[in-house]
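Please report on how the strands pair here and on what packs between them.

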Amino acid sequence: MKTKFNGFLALILALLVQISFAQEKTITGTVSDESGPLPGVSVVIQGTNTGTVTDFDGKYTIKAMTGAKLLFSYVGLDNQTKTVGAVNVINVTLSGANVLDEVVVTGVAGATSKKKLSVTVASVSAEEIAKVPAGSAASALQGKVAGVSVTNLG
């Protein structure tokens, strides 16, 4: 009887230790700027590839461990970092000192042949991209085409 009690006590102790270490929680909140909610803000747990994007109303939901740092980034606004603590709701207001000077968009019509273009064109197949998992489109292209340098400015 005493052996069963000691085994049960050890099991309970192991479960309590496991629960105290596994403090992953669901964090929700709204990201906005001075004009209102921001859709499309990236919310990433720093040091990982885990992240999400805010919806049309600027709301997000992400699972993170207590003590993890959440990085909020949006084009044209300064990045902001918040630490996950005891609260489950983290609302963020981004400010905009990181203004863009210009945006360059290029494209090629599907019917244009490579010979008619004034630039070099390279293609990467979906199979090549799928060989190595990546956290973003930029990192998926890294090292796939000779002479291309991919830089993350976030």
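This report covers the strands, the sheet and the core.

The model is predicted: local features need pLDDT of at least 70, side-chain atom pairs count only at pLDDT 80 or more, and totals for chains, interfaces and linings use all residues. Residues are numbered from 1 along each chain as its sequence is written, and side-chain values use heavy atoms, without hydrogens and water.

Strands are DSSP runs of E, at least two residues, numbered from the N terminus. Two strands pair if DSSP finds at least two bridges between them.

| Pair | Sense | Bridges | Residues opposite |
|---|---|---|---|
| S1 and S5 | antiparallel | seven bridges | Lys25 and Ala64 |
| S3 and S6 | antiparallel | four bridges | Ile45 and Leu70 |

S4, S3, S6 and S7 form an open sheet in that order, with antiparallel pairing. S4 (51-53) and S7 (77-83) stand at the edges; each has a single partner strand, so one side of each lacks a neighbour in the sheet. The twist averages 15° from one strand to the next.

S5 (residues 59-65) has two faces. Tyr60, Ile62 and Ala64 point to one face and are buried (under 20% relative accessible area, 1.4 Å probe, protein chains only). Lys59, Thr61, Lys63 and Met65 point to the other face and are not buried.

The largest nonpolar core (buried Ala, Val, Leu, Ile, Met, Phe, Trp, Tyr and Cys joined through side-chain atoms within 4.5 Å) has 17 residues. Ile27, Tyr60 and Leu70 are among those with the most contacts inside this core. S1, S3, S5 and S6 each supply at least two core residues. S5 gives the largest share, three residues.

Leu70 has contacts (heavy atoms within 4.5 Å) with residues including Ile27, Ile45, Tyr60 and Ile90, not counting residues up to four places away in sequence.

Methods: Buried < 20%, exposed > 50% of the residue type's maximum accessible area, 1.4 Å probe, protein only. Axes fitted to C-alpha atoms, helices over the stretch in contact; angles between N-to-C directions.
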